[in-house]
Amino acid sequence: MGAPSNHIAIDRLAGALGAEISDVDLSSPLERNIVAQIGQAFLEHLVLVFRNQSLTPRQLLAFAKQLGDPIPYPQTKGLPECPLVTPVVKLENETVNFGGVWHSDTAYLETPPKASLLYAIEVPPSSGDTLFANQYSAYDSLSDGLKATLEGLVGVNTSANPDMAATRKHRQADDGVALKVLEANHPAVRTHPATGRKALYVNTAHTSHFEGWTAEESRPLLDYLSKHQIQPEFRSRLQWEPGTLTIWDNRCTQHYPMNDYHGHRRVMHRVTLAGDVPK
Ligand code: OGA
Ligand code: MN
């Protein structure tokens, strides 16, 4: 780490979203002014990446607490010694990866999280990247006609979508966590509480249909939006190294973990921060 300075260094990851922050050591409490700069960069870049960190689960949690209120993850168990830190693991003999469908985290909760932090402990060689997509851009680039249609629509979000549920089943079986179907209705377009910008808030993993519409009626529009919202120009791609910590804004981004490393182990620690009811 370089000498402590009053300004964080910010380098964009891509045109669409994401930035790398260097020269910050997250292992001990940060000055208020640095936390404020990180908070500002988070709202501007939506995904922040910190390299070469060395964090125990408690230190990861302590950093998370400087940015928000950590909450338990509803679908799998946390670490026994630090329950608000959830392991995200794919072992050498496994083929399914956790969350392996484009999504915004746990949109099936009444109050979905503001942000998630993911910290890399062990990563496969040159693989296991995570893709992110900017949902402000996804909304902004729609026609006025479709924007107007979506303004009136509410998405029904469920934890029971079989494609997505399959990505956590193996973990739940291991952990003995009961399978519970969670469901929440949220506006298809939400207004970010901090930036006031509108973001598309339906996602392939969780949104089953629009409120008041049948599944069949909803499908063509949801299929269109699913493709539209993750197009390459809205994306960035993160290559992990051990010690990389990333935080993303679930209110205006989606993410997708690449599953291109069968036979290798990938171990991450995750913390979720409480959010607001989408409006
Ligand atoms: C998550 C998730 C992405 C990854 O923890 O919410 O989707 O790259 N993980 O493991
Ligand atoms: Mn996720």
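1. Two strands are taken to pair if DSSP finds at least two bridges between them. The model discussed here is predicted. On that criterion, β13, β7 and β15 form an open sheet of three strands, arranged in the order β13-β7-β15 with antiparallel pairing. Its edges are β13 (235-238) and β15 (253-257), each of which pairs on one side only. Direction ignored, neighbouring strands of this sheet are turned by 20° against each other on average.

2. Within that sheet, strand β7 (residues 130-134) is joined to β15 by five bridges, and the two run antiparallel. A reader wishing to locate this pairing in the structure may start from F132, whose bridge partner in β15 is H255.

3. Another open sheet of three strands has the order β9-β8-β12, again with antiparallel pairing. Here β9 (183-187) and β12 (207-210) stand at the edges; each has a single partner strand, so one side of each is left without a neighbour in the sheet. The average turn between neighbouring strands of this sheet is 30°, direction ignored. Strand β8 (residues 154-158) pairs with β9 in the antiparallel sense over five bridges, and G155 stands opposite H186 in β9. As a general matter, the strands of a sheet pair through backbone hydrogen bonds, either parallel or antiparallel.

4. Helix α1 (residues 32-45) comprises 14 residues. From its first C-alpha to its last it reaches 20 Å, close to the 20 Å expected at 1.5 Å a residue. The residues of α1 that are buried are I34, V35, Q37, I38, A41, F42 and H45. Viewed down the helix axis, the buried residues of α1 fall within an arc of 160°, so they line one face of the helix. An α-helix has 3.6 residues a turn, so residues three or four places apart point the same way. On the other side of α1, R32 and E44 are exposed.

5. What covers the buried residues of α1? The covering elements include the strands β1 (9-12), β2 (19-22), β3 (47-50), β6 (115-122) and β14 (245-249), together with helix α2 (57-67).

6. Three backbone positions deserve inspection on account of phi. Most residues other than glycine have a negative phi. L46, which follows α1, has a positive phi, near 75°. D23 is a residue other than glycine with phi near 65°, also a positive value; D23 is found in the loop between β2 and α1. T106, likewise not a glycine, has a positive phi of about 40° and lies in the loop between β5 (86-90) and β6.

7. Are D23 and T106 buried or exposed? D23 is partly exposed, with a relative accessible area of 48%. T106 is buried, with a relative accessible area of 4%.

8. T167 lies in helix α5 (residues 162-175). Why does T167 count as buried? Its relative accessibility is 6%, and buried means under 20% relative accessible area. The side chain of T167 reaches the backbone nitrogen of G99 at 2.9 Å. A polar atom of the T167 side chain also lies 2.8 Å from the backbone oxygen of M164. Leaving aside residues up to four places away in sequence, T167 touches V96, N97, F98, G99, G100 and V101. G99 thus appears both in this list of contacts and as the residue whose backbone nitrogen the T167 side chain reaches.

Terms used. Residues are numbered from 1 along each chain as its sequence is written. Chains are lettered from A and ligands numbered from 1 in the order in which they are written. This is a predicted model: local features need pLDDT of at least 70, side-chain atom pairs count only at pLDDT 80 or more; totals for chains, interfaces and linings use all residues. Side-chain values use heavy atoms; hydrogens and water are left out. Helices (H or I, at least four residues) and strands (E, at least two) are DSSP runs, numbered from the N terminus. Buried means under 20% relative accessible area, exposed over 50%, partly exposed in between (1.4 Å probe, protein chains only). A polar contact is a pair of N or O atoms within 3.5 Å; within protein, one must be able to donate a hydrogen and the other to accept it, and residues adjacent in sequence count only if both atoms are side-chain atoms. Contact means heavy atoms within 4.5 Å. Axes are lines fitted to C-alpha atoms, for helices over the stretch in contact, and angles run from 0 to 180 degrees between N-to-C directions. The expected span of a helix is 1.5 Å times one less than its number of residues. The arc is that of the directions from the helix axis to the C-beta atoms.
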